[in-house]
Amino acid sequence: MLHALSARDTFRLRLPAHASSVGIARRQVRSTLGHWGLEALGDDAGLVVTELFTNAVLHSGSEHVACVLWTAGGLLHVEIVDEGRGDAGPLSRRAADADENGRGLALVAHLAEGWGVKPPTRGTGRAVWATLACGRTGASRRTG
């Protein structure tokens with residue numbers, strides 16, 4: 001059962017742009033969703049955060065990366081904010097069978113109701129966002 005989320009239910013986390021921060025962000029997101037009564041979204045949101053945070057760490061040239069979560073309109077909103085320069089954000093690509101990388105954004109697109117890139121609310125860089133439906137779990141989305 002979902003509890004009523006208030007405007008105060010916003011999660012913010014800022015970490016160094018290191019590979020070790022990806023797992024910290026994922027665990028904190030899952031823990032927060034549990035506190036919000038949205039543990040059913042833990043796997044999907046954890047995967048989305050992992051992919052977007054990893055892209056920011058590897059490709060943005062940032063010193064820090066932030067993760068912000070909130071709910072509105074029946075959706076979980078996820079933003080990964082980097083300090084990168086320029087307007088370009090991550091681009092989906094088709095990975096070859098033998099490629100070890102390049103499938104992350106396709107996974108995000110499959111799990112999310114939508115995703116994209118926008119300027120951050122504050123500062124420089126970009127915010128890569130995704131939305132997940134609060135009422136559907138990943139399993140029901142994939143089989144329904």
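Q: Is S21 buried or exposed?
A: Buried means under 20% relative accessible area, exposed means over 50%, and partly exposed is in between (1.4 Å probe, protein chains only). S21 has a relative accessible area of 3%, so S21 counts as buried. Keep in mind that this is a predicted model, where local features need pLDDT of at least 70 and side-chain atom pairs count only at pLDDT 80 or more, while totals for chains, interfaces and linings use all residues. Residues are numbered from 1 along each chain as its sequence is written, and side-chain values use heavy atoms, with hydrogens and water left out.

Q: Which residues does S21 touch?
A: Contact means heavy atoms within 4.5 Å. Not counting residues up to four places away in sequence, S21 touches L15, P16 and F53. There's a polar contact too (a pair of N or O atoms within 3.5 Å; within protein, one must be able to donate a hydrogen and the other to accept it, and residues adjacent in sequence count only if both atoms are side-chain atoms). A polar atom of the S21 side chain lies 2.7 Å from the backbone oxygen of P16.

Q: Where does S21 sit?
A: Helices (H or I, at least four residues) and strands (E, at least two) are DSSP runs, numbered from the N terminus. S21 belongs to helix α1. The buried residues of α1 are S21, V22, G23, A25, V29, T32 and L33, and their cover includes β1, α2, β2 and β3. After α1 comes G37, with a positive phi near 80 degrees.

Q: What span should the 17 residues of α1 have?
A: The expected span of a helix is 1.5 Å times one less than its number of residues. For α1 that gives 24 Å, and the end C-alpha atoms are 26 Å apart, which agrees.

Q: In what order do the five strands form the sheet?
A: Strands of a sheet pair through backbone hydrogen bonds, either parallel or antiparallel. Two strands count as paired if DSSP finds at least two bridges between them. Here you get an open sheet in the order β1-β2-β3-β5-β4, with antiparallel pairing. β1 (10–16) and β4 (114–118) stand at the edges with a single partner strand each, so one side of each has no neighbour in the sheet.

Q: How many bridges join β1 to β2?
A: Seven bridges join β1 to β2 (residues 64–72), and P16 has H64 as its bridge partner in β2. Elsewhere, β3 and β5 pair over eight bridges, with I80 opposite V128 in β5. Five bridges join β4 to β5, where K118 has A127 as its bridge partner. As for cover, seven of the eight residues of β5 are buried.

Q: At what angle does helix α2 run to β3?
A: Axes are lines fitted to C-alpha atoms, for helices over the stretch in contact, and angles run from 0 to 180 degrees between N-to-C directions. Helix α2 (residues 42–59) lies across β1, β2, β3 and β5 (126–133), at about 15 degrees to β3.

Q: What does the side chain of H77 reach?
A: H77 is in strand β3, and its side chain reaches the backbone oxygen of A72 at 3.5 Å. H77 is buried, with a relative accessible area of 18%.

Q: How many disulfides does the structure hold?
A: A disulfide is a pair of cysteine sulfur atoms within 2.5 Å. The structure holds zero. C67 is buried at 0% relative accessible area, and C134 is buried at 15%.
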